[in-house]
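Student: Could you walk me through reading a structure feature by feature? I would like the general idea and then the case at hand.

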Amino acid sequence: MNPIVALPPDGWPRPPYRCLRPGDTVGIVAPAGPADPELVARVPALLAAHGLRARVFPGCHLRQGYLAGPDAARLADLHAAWADPELAALWCLRGGYGSARLLPHLDTALLQQSRKLLIGYSDITALHALLDRLDCPALHAPMPASDLLRPGREADEVALFALLTGGLRAGTTWAAAPADGSLRLPGAACGRLVGGNLSLLAALAGTPWQLRTDGAILFLEDVGEQVYRVDRLLLQLDQCGALRGVRGVLLGSFTEDEDPRAVLDAALRPLGVPVLGGWPCGHGTPHRPLPLGVAVTLDADAGTLRIDEDFMC
């Protein structure tokens, strides 16, 4: 299969995803790392609490070292889930590692035609980058085995299912928490919101799946990286051209032992674009859902993010 994905033509028709309704079935897939079997067993009850059903795909029960089963099995699950007309959305079980291994083999025509919402983050950033090339928005959001089935994540659960079942309309404006010393560079900008995990975006640099960032609002977050590695990852994005043409930057959680603000400032200030840090999204808590691939307005002065097109309705 040709890994080079053609970009959609201008004016590509893109209706919003529909909200999930009581009784809808969500496909649970594991494109990356394996999960604790006890957590996998609890996923159906998590969805049932919100009036939804779970179809747990076979790969969720597999383990092959650091992967949730062989590449072929994880790929087959994704294709089956995207092709299944009874599924309203796909929710990734957890991150870890492995999604990028599947990129050359995914049936991009199927993904584009099926146009099902993919929910996840972390290693799932690789799939989000591919979907953006297909002009298919996605949802950067908590996953069951990584987040919502663990203690203290009730507020994140409420926020995610409120969006999935209640919708997200153009004009919705979210505000960041009060200033806490997070990096902010003044200004406002409009663009397509793209991005995700910094480490994954750097790993995709120079590949056919490198994230499209020209004219975009770039979202970045990461977990557990030493500050020099954050510097190196940002340098990789800069040197491959991924930071050129960015209109604004939204920063989620960076859960490093040492504060990375200095290296973030050094990398982003020369871009001359607004930067809004401290957004409640990423590997830290709270972790609120964030639509990717949709038009937004970022206002760093006001500390707000406005959604400028319908995402779910």
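Tutor: We will take the sheet, a helix, a loop residue, the pocket and the cavities in turn. Please keep in mind that this is a predicted model.

Student: Let's begin with the sheet. In what order do the 8 strands run, and is the sheet open or closed?

Tutor: As a general idea, strands of a sheet pair through backbone hydrogen bonds, and they may do so in a parallel or an antiparallel way. Here the sheet is open, with its 8 strands in the order β6-β14-β13-β8-β9-β10-β11-β7 and a mixed pairing. Its edge strands are β6 and β7 (184–185), each of which pairs on one side only.

Student: How do I follow the pairing from β6 inwards?

Tutor: Take one pair at a time. Strand β6 (residues 173–175) is antiparallel to β14 (residues 304–307), with 3 bridges between them. To fix the register, find A175, which stands opposite T304 in β14. On we go to β13 (residues 295–299), which is joined to β14 by 4 bridges, again antiparallel. There V296 faces I307 in β14 as its opposite number.

Student: How many residues lie between the strands in the hairpin of β13 and β14, and which residue there takes a positive phi?

Tutor: The hairpin has 4 residues between its strands, and G303 is the one with a positive phi, near 70°.

Student: Which way do β8 and β13 pair, parallel or antiparallel?

Tutor: Antiparallel: strand β8 (residues 188–197) and β13 share 5 bridges. A188 is the residue opposite D299 in β13.

Student: Now a helix. How can I check that α2 has the span it should have?

Tutor: Start from the repeat: an α-helix has 3.6 residues a turn, so residues three or four places apart point the same way. For the span, count 1.5 Å a residue; the 13 residues of α2 (residues 71–83) should then cover 18 Å, and the end C-alpha atoms are indeed 18 Å apart.

Student: Which residues of α2 are buried, and what do they pack against?

Tutor: The buried ones are R74, L75, D77, L78, H79, A81 and W82. Their packing partners are β1 (25–29), β3 (87–92), α3 (108–114), β4 (117–120) and α4 (125–133).

Student: Is S99 buried or exposed?

Tutor: S99 sits in the loop between β3 and α3. It counts as buried because its relative accessibility is 0%, where the cut-off is under 20%. Leaving aside residues up to four places away in sequence, S99 touches P31, A32, D123, I124, A126 and L127.

Student: What volume does the largest pocket have, and which residues are closest to its centre?

Tutor: Its volume is about 390 Å³. Of the 21 lining residues, S182, G252, S253, F254 and G278 are closest to the centre. Two elements, β10 (248–255) and α9 (261–268), give two or more residues to the lining. The most come from β10, with 4. By type, the lining has 10 nonpolar, 8 polar and 3 charged residues.

Student: And how many cavities of 30 Å³ or more are there?

Tutor: There are 4 of them, and the largest holds about 60 Å³ of space. Among the residues that line the largest cavity are H128, D132, C136, L193 and L292. At least two lining residues come from α4, and at least two from β8. This lining divides into 8 nonpolar, 3 polar and 1 charged.

How values were computed
Residues are numbered from 1 along each chain as its sequence is written. This is a predicted model: local features need pLDDT of at least 70, side-chain atom pairs count only at pLDDT 80 or more; totals for chains, interfaces and linings use all residues. Side-chain values use heavy atoms; hydrogens and water are left out. Two strands pair if DSSP finds at least two bridges between them. On a 1 Å grid over the protein atoms alone, a cavity is a set of points where a 1.4 Å probe fits but cannot get out, and a pocket is an open set with protein on both sides within 12 Å along at least five of seven lines; lining residues have an atom within 4 Å of a point. Grid points are joined across faces, edges and corners, and a volume is the space filled by probe spheres set on the points. Ala, Val, Leu, Ile, Met, Phe, Trp, Tyr, Cys and Pro count as nonpolar, Asp, Glu, Lys and Arg as charged, and the others, Gly among them, as polar. The expected span of a helix is 1.5 Å times one less than its number of residues. Buried means under 20% relative accessible area, exposed over 50%, partly exposed in between (1.4 Å probe, protein chains only). Contact means heavy atoms within 4.5 Å.
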